[in-house]
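Q: Could you walk me through this one? I'd like to start with how the helices are assigned and then go through the annotated sites.

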Amino acid sequence: MSTPYDLVVIGGGSAGLTAARLAADLGAHVALIERDRLGGDCLWTGCVPSKTLLHAAAQVHAARRAHRYGLTAATGPADWTAVAVRVREAIGRIEPHDSPEALTRLGVEVIRGEARFTGPRTLDADGRIMAFRHALVATGSSPHLPAVPGLAEAGALTSDTVWDLPELPRRLLVIGGGAVGCELGQAFARLGSQVTVVEAEQRLLPTTEPQAADLLQRRLAAEGVTVHTGAVLRSVRPDTADLTTADHTEHTLAFDQVLVATGRRPHLAALGLEAGGIRTTDRGFIATDARLRTSNPRVFAAGDVTGRLPFTHVAGVQAGDAVLNALLGLRRHLDYDAMPYAVFTDPEIAQVGLTAARARDRYGDAARTRLLPHEEMDRAVTENATDGFTQLVLGPKGRIVGATVVGPRAGEAIVELAHAVRLKWSPGRLAATVHPYPTHADGPWLAALAKARRNLSTPRTRALTSALLGLRRGVLR
Ligand SMILES: Cc1cc2nc3c(=O)[nH]c(=O)nc-3n(C[C@H](O)[C@H](O)[C@H](O)COP(=O)(O)OP(=O)(O)OC[C@H]3O[C@@H](n4cnc5c(N)ncnc54)[C@H](O)[C@@H]3O)c2cc1C
Ligand SMILES: NC(=O)c1ccc[n+]([C@@H]2O[C@H](COP(=O)([O-])OP(=O)(O)OC[C@H]3O[C@@H](n4cnc5c(N)ncnc54)[C@H](O)[C@@H]3O)[C@@H](O)[C@H]2O)c1
């Protein structure tokens with residue numbers, strides 16, 4: 001057995017890579033064990049391919065509407081081979097940053113193999129026993145297939161396998177209307193597939209603000225996507241699916257390919273959690289405290305495996321905190337109420353902090369919302385994208401506790417609202433920073449200005465300003 005490593009990282013995805021790099025920067029003796037390819041879900045099958053696909057689909061969508069500007073509009077389906085090449089190109093451009101060579105240059109020992117705990121301070125990587133002072137579990141998650149008869153046998157695609165399609169499906173059935181289902185459903189529809197999305201809950205993106213989800217559903221319908229919400233998928237055969245919709249009617253849908261996007265489960269099998277003294281939650285994720293420590297105080301966890309907000313940026317910041325807490329004995333913890341995310345559909349939907357409903361649950365009558373429809377935002381008018389909105393959710397003392405932006409570049413516009421939530425700003429504080437005109441960041445600014453202006457016109461402030469004006473009139477004549 002080797003001398004103990006300061007840190008052994010298990011899994012080379014968004015969380016594991018960030019952790020290993022930071023540990024090496026701090027001068028730690030660090031090893032990273034990866035059983036497959038460094039880069040994880042985000043690089044190979046998640047964020048990077050999906051955002052590249054969405055960009056390609058947006059270009060095709062714009063080309064189809066080019067007749068508005070006197071050009072010959074594009075018709076027919078997109079060339080899937082060309083799109084797939086572009087997706088692989090984007091992955092290829094990013095992959096070298098995450099390669100074993102790049103990590104080794106930084107001082108990380110990269111080990112190819114499957115890790116398994118053999119005790120509270122040791123693990124086995126494909127036959128090699130390694131001792132550690134600290135370990136980080138960053139083994140991520142995989143798509144989960146619901147137990148619907150015939151689904152697995154129908155050759156269902158997931159976000160792991162959809163990238164290998166030899167051709168664009170003519171009819172694509174998407175099971176699940178969460179982030180993956182909405183993003184990929186819209187992208188495939190724009191590229192030329194006939195898409196049907198089946199969602200079990202009453203609306204798409206069930207955890208986002210309801211008006212945002214409704215707006216997206218209307219847009220998808222306008223683009224020719226059929227959406228069934230509140231639907232129960234009963235069974236699947238090789239080219240048809242039986243479902244019952246919210247109004248209790250039964251449908252049989254024909255498809256050429258079916259894509260399952262119904263959530264993910266953590267990679268924990270064969271990790272030897274029991275030998276490592278690591279407990280899991282009721283939902284089957286690794287149980288961690290606020291400092292990301294597991295039930296074994298020498299083992300931390302980060303990323304999708306923790307079951308908290310499964311996003312790349314969350315995986316990265318969790319990994320950073322876990323490494324600092326483990327190696328330097330700090331007590332850092334994240335504020336999940338200030339964690340933003342974006343769904344890259346068109347319209348783009350970005351959110352941070354509490355939704356209006358959660359704010360009411362937490363703060364009762366002290367919770368308020370301020371909505372700025374994007375008809376009032378000039379940049380949205382110039383781009384003919386006025387159906388979006390910016391909503392601020394205010395808590396006690398009028399502090400911003402949550403926000404939603406729907407419209408172009410919502411993912412960028414949400415960033416300053418994430419600052420506002422984290423730093424507990426009032427709208428007045430946000431309004432004090434001048435924004436260039438006209439940008440997509442005007443939504444948050446105009447919403448904050450409108451609220452600040454309303455504060456100026458309360459009877460009390462009006463009485464004060466009237467008195468002051470009267471005084472000035474007297475002095476200045
Ligand atoms: C289609 C899609 C689009 C997405 N888009 C976005 C987006 O736009 N923005 C965003 O923030 N998030 C997005 N996500 C989510 C994001 O991809 C994940 O949250 C993120 O990749 C999780 O990182 P991770 O490090 O926890 O896990 P992973 O990236 O899954 O990495 C885990 C690694 O551990 C390895 N591993 C597992 N078990 C072992 C073992 N026993 N031994 C050794 N190695 C092991 C695996 O091989 C893998 O490489 C998307 C996800 C999907 C599916
Ligand atoms: N833009 C982004 O940041 C982005 C994009 C894609 C994915 N992701 C991440 O990847 C994770 C996985 O995405 P996902 O979309 O698979 O999961 P999800 O949890 O976001 O959505 C799954 C959806 O499937 C529905 N569902 C579950 N079982 C069903 C059934 N039997 N029939 C019909 N509908 C059913 C759920 O109600 C839910 O709406 C997400 O949690 C997200 O964090 C992020």
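A: To fix terms before we begin, helices here are DSSP runs of H or I of at least four residues, numbered from the N terminus. Please keep in mind that this is a predicted model.

Q: Good. Where does E183 sit, then?
A: E183 lies in helix α6, which covers residues 179-191.

Q: Is E183 buried or exposed, and why?
A: E183 counts as buried because it has 21 C-beta neighbours inside 10 Å, and the cut-off for that label is 20 or more.

Q: What does it touch, if we skip the sequence neighbours?
A: Once residues within four places in sequence are left aside, E183 is in contact with S50, L54, V343, F344 and T345.

Q: Does UniProt say anything there? Which feature covers E183?
A: An unreviewed UniProt entry places the feature "binding site" at G176, G177, G178, A179, V180, G181, C182, E183, E199 and G263. Although these positions are spread over 88 residues of sequence, they cluster in space, with a largest C-alpha distance of 13.7 Å.

Q: And E199, where is that one?
A: E199 is in the loop between β9 (194-198) and α7 (210-222). It counts as buried, since 27 C-beta neighbours lie inside 10 Å. Not counting residues up to four places away in sequence, E199 touches G176, G177, L204, H228, T229 and A231, and G176 and G177 are themselves listed under the "binding site" feature.

Q: Changing topic: which residues come nearest to ligand 1?
A: There are 37 residues around ligand 1, and G11, G13, G40, G140 and G303 come nearest. The elements that give two or more residues to this shell are α1, β2 (30-34), α2 (40-44), α3 (47-64) and α9.

Q: How does that shell divide into nonpolar, polar and charged?
A: The shell around ligand 1 has 14 nonpolar, 16 polar and seven charged residues.

Q: You mentioned G140, so where is it and what does it touch?
A: G140 is found in the loop between β6 and β7, and with 23 C-beta neighbours inside 10 Å it counts as buried. Beyond four places in sequence, the contacts of G140 are G11, G13, G40, D41, H267, G303, D304 and V305.

Q: What about T139?
A: T139 is also placed in the loop between β6 (128-137) and β7 (141-143). T139 counts as buried because 29 C-beta neighbours fall inside 10 Å. With residues up to four places away in sequence not counted, T139 touches I10, G11, H267, L268, L271 and V305.

Q: Which annotation covers those two?
A: Another "binding site" annotation from an unreviewed UniProt entry covers K51, T139, G140, S141 and D304. These positions are spread over 254 residues of sequence and are also spread in space, up to 22.7 Å between C-alpha atoms.

Q: Back to helices: how do α1 and α9 cross?
A: The axes of α1 (residues 14-25) and α9 (residues 312-328) come within 8 Å and cross at roughly 35°, and the crossing is right-handed. The residues of this contact divide into nine nonpolar, six polar and no charged. On the α1 side they include S14, A15 and T18, while those on the α9 side include T312, A315 and G316.

Q: Last one, which residues does UniProt list for the domain?
A: The unreviewed UniProt entry lists residues 5-318 for "domain: FAD/NAD(P)-binding". In the model, that span is 30% helix and 24% strand, and its end C-alpha atoms lie 21 Å apart.

Definitions and conventions
Residues numbered from 1 in each chain as written. Chains lettered and ligands numbered in written order. Predicted model: local features only at pLDDT ≥ 70, side-chain atom pairs only at ≥ 80, totals over all residues. UniProt positions renumbered as here; feature names shortened; annotations may be inferred. Buried ≥ 20, exposed ≤ 12 C-beta atoms within 10 Å, placed from the backbone. Contact = placed C-beta atoms within 7 Å. Axes fitted to C-alpha atoms, helices over the stretch in contact; angles between N-to-C directions. Left-handed = near helix turned anticlockwise from the far one by under 90°. Nonpolar A, V, L, I, M, F, W, Y, C, P; charged D, E, K, R; others polar. Near = placed C-beta within 6 Å.
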